[in-house]
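Colleague: Hi! Could you walk me through the empty spaces and the core in this one?

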Protein chains: 2
Amino acid sequence: MATIATEPTRTDQPTIRSFGPAAALSCRECGERYDLTPRFACDFCFGPLEIAYDFEGITRAAIERGPANIWRYAGLLPVPDNVRELPNMNPGLTPLVQADRLAAELGMRSLHIKDDSGNPTHSFKDRVVAMAVEAARVFGFTTLSCSSTGNLAGAVGAAAARAGFKSCVFIPAGLEQGKIVMAAIYGGRVVALDGNYDDVNRFCSELMGDPAGEDWGFVNVNLRPYYAEGSKSLAYEIAEQLGWRLPDQVIVPIASGSQLTKIDKGLRELIQLGLVEDKPYRIFGAQATGCSPVAQAWESGYDVIQPVKPDTIAKSLAIGNPADGPYVLDVCQRTGGAVAHVSDAEIVDSINLLARTEGVFAETAGGVTTGVLRKLLSQGALDPAAETVVLNTGDGLKTLNAVEAGVTATVPPSLDAFKDAGLL
Amino acid sequence: MATIATEPTRTDQPTIRSFGPAAALSCRECGERYDLTPRFACDFCFGPLEIAYDFEGITRAAIERGPANIWRYAGLLPVPDNVRELPNMNPGLTPLVQADRLAAELGMRSLHIKDDSGNPTHSFKDRVVAMAVEAARVFGFTTLSCSSTGNLAGAVGAAAARAGFKSCVFIPAGLEQGKIVMAAIYGGRVVALDGNYDDVNRFCSELMGDPAGEDWGFVNVNLRPYYAEGSKSLAYEIAEQLGWRLPDQVIVPIASGSQLTKIDKGLRELIQLGLVEDKPYRIFGAQATGCSPVAQAWESGYDVIQPVKPDTIAKSLAIGNPADGPYVLDVCQRTGGAVAHVSDAEIVDSINLLARTEGVFAETAGGVTTGVLRKLLSQGALDPAAETVVLNTGDGLKTLNAVEAGVTATVPPSLDAFKDAGLL
């Protein structure tokens, strides 16, 4: 295992802290604390580890003076104090789209789309990989790796290229062509495994335990505690872009479930630090019916997740055994939210609705959240008068096969031909 | 023709000026001035019209207080004073990537990539369409239209959806699938014409003169003077992101040539307004060899452009009869730049280079500018010690067919199989 690099210090400069405000790893189950090392599970209870912080000097003004990317929140994330000077994809500060036309169509008062397709590789994964790259640098890993349903592979490939790491990413065979090209174009290795995402995930754990993988940083395995914190930035941005205010309702897609729990963590931090006024908010989880283990548990009132074999066009959410599923149930329960699912047909219909009303071309995961928005509204589970934010975590260009959209007509380039075709 | 809408005014509010600082249309050839109406050519000399301004109160501080998008420069663009409150795609403030690894590979001191794939529909076209939408609103047009090589069609489709216009866009038959879907997904009409871009352009002029097109705003025809100004924002962003400093050398792709001339206009305005220190800068134009009428004229020392029939993978630059070609020659001459071209093979090679070194997946137009960067360096025409900015105006996801990138291997999900495949 690579050792922790110590940063050089000079007496005329403040010390650069390798992980900024991060103080320790802490077990989410038993609270046991560990040094900031590349580990992800508790030695005592096998619970997942997450980052504990000592925040200092966090003010709205300090954040607003920061760069127009995720590093405006560097003081809230496990990254070096000088992170702005290091090569990184610098994702974040994606648009919060005021979706008045969609709101009108759905009978809502205030609706926003947090459109994370604006990130460098066009998915929210750039946020989490941005954290993992910094951790990999500190730990001295030389290869970046991951198990991926597609978006993460592209984000890792790009970030490794920018930051000067080798990369080797693992995907299930049969992914969308756009996601494969976007993973391979950066020059790293892209290995397809004959199996589904859960098989790929198991494979990565195996490789991580093998001497062959000792210099490898698996962004969503041994770097997972650092990586996962990147999703907190979605909460910070939503609140800042609403004018430093908590939303009433947030709809978040569920793959592993980590993103949803970290958005909750981010919102709670904002309250604790006094950056927003405390008030209740509700978090809703969204899955595709063809991979809805968390929604099934929610509907049945269970607190354990029964793994499923995914069968849905929403491949970026196709994790049949979601590691953070139980925590998602906790968050949705505590905040008064819910977990719901929509069919593939509803996903496609919702992608079209979002594009037609707001000019946002979402990938299937955005169809899932928008579909769940409609479903919960129709069930009365969502308040149409409350301020609502729906996440779009990826880009329609990567899931072209999911939608049907083509030319209206092909005609000769003459006005008469155009008029004759009845296209006016 | 639709009439100009007058904005309601209240005595307790400042008047909203429909075109902000824009004062008139002005002929680029004879200087004749016109009111701000939907016209694009001079009645007297047929020269192109462009916007003349009366700028007021433009300071670095005022810009820096603005939103994290193109509207931070609203005071420099032909848009209403209240543009931030209107539904628009709000593009801009895309990353200026510090390309240290590419610079090292090319032996350069300072290189940045202005990566406009970060815009909402992932090309610089969102910038120009953002202007055209505001003009169309003022003029009361009900349908947004354009001739497009692909990127513009997507930008117009999305912007029309967001802003509540109908849309009907015209493209040459045979475009990349990604560009077609991205144009059609927003619910407007997408009409493919059997011909090349120049045929499509002629068709649009014909339709514009027909009663059938009287309520149509053709963003790059009758709204062109407004539309074209959006490209100035690239100049503003580059200078601000460099720390309010002019670059020494800028490499810009040439399709119609408008973008290059507007970047020059934007840089000159920054000097005139005292926002940056005056110093020389050089602008270089980049074309694909298979559509290089401006580069051919430059090499031959001509000041007229001989139209060509495009044959290149760089379809977004495939304009054989570029309207602003002569003005491009002027700008490159005056600033001490040049116009050069690269082959399709060099384009693909440069896309790969950019992805491998910087994690930026450019569309073919970005391969053209990066290819020209390499060519001009090797010819000694570009100073490797000078601060250089290369534009990437679009997204590799839209031109997937241009590159070859796929999985390294497909193997069973077992460590032994992986090791046996020699992938470590």
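Modeller: Happy to; we can take the cavities, then a pocket, then the core, bearing in mind that this is a predicted model.

Colleague: How many cavities of 30 Å³ or more turn up in the whole structure?

Modeller: The search finds two. About 350 Å³ of space lies in the largest cavity, and of the 30 residues lining that cavity, B:Phe124, B:Lys125, B:Ala255, B:Ser256 and B:Ser316 are the closest to its centre.

Colleague: What's the class mix of that lining?

Modeller: The lining of the largest cavity has 13 nonpolar, 14 polar and three charged residues. At least three residues come from each of domain 1 (96-122 + 230-402) and domain 2 (124-227) of chain B.

Colleague: And which residues line the second largest cavity?

Modeller: That lining includes A:Met182 and A:Tyr186 from chain A, and B:Val360 and B:Phe361 from chain B. The second largest cavity holds about 70 Å³ of space.

Colleague: Switching to pockets: what volume does the second largest pocket have?

Modeller: About 970 Å³. Of its 43 lining residues, the closest to the centre are A:Asn220, A:Arg224, A:Ser256, A:Ala323 and A:Asp324.

Colleague: Which helix gives the largest share of that lining?

Modeller: H6(A), with five residues. By class, the lining of the second largest pocket splits into 19 nonpolar, 16 polar and eight charged.

Colleague: Last one: which residues touch the most other members of the largest nonpolar core?

Modeller: A:Phe361 and B:Phe361, out of 267 residues in that core. Leaving out residues up to four places away in sequence, A:Phe361 touches residues including A:Ile351, A:Leu397, B:Val181 and B:Ile185.

Key
Residues are numbered from 1 along each chain as its sequence is written. Chains are lettered from A and ligands numbered from 1 in the order in which they are written. This is a predicted model: local features need pLDDT of at least 70, side-chain atom pairs count only at pLDDT 80 or more; totals for chains, interfaces and linings use all residues. Side-chain values use heavy atoms; hydrogens and water are left out. A nonpolar core is a set of buried Ala, Val, Leu, Ile, Met, Phe, Trp, Tyr and Cys residues joined through side-chain atoms within 4.5 Å. Buried means under 20% relative accessible area, exposed over 50%, partly exposed in between (1.4 Å probe, protein chains only). Contact means heavy atoms within 4.5 Å. On a 1 Å grid over the protein atoms alone, a cavity is a set of points where a 1.4 Å probe fits but cannot get out, and a pocket is an open set with protein on both sides within 12 Å along at least five of seven lines; lining residues have an atom within 4 Å of a point. Grid points are joined across faces, edges and corners, and a volume is the space filled by probe spheres set on the points. Helices (H or I, at least four residues) and strands (E, at least two) are DSSP runs, numbered from the N terminus. Ala, Val, Leu, Ile, Met, Phe, Trp, Tyr, Cys and Pro count as nonpolar, Asp, Glu, Lys and Arg as charged, and the others, Gly among them, as polar. Domain bounds come from an automatic or database domain assignment.
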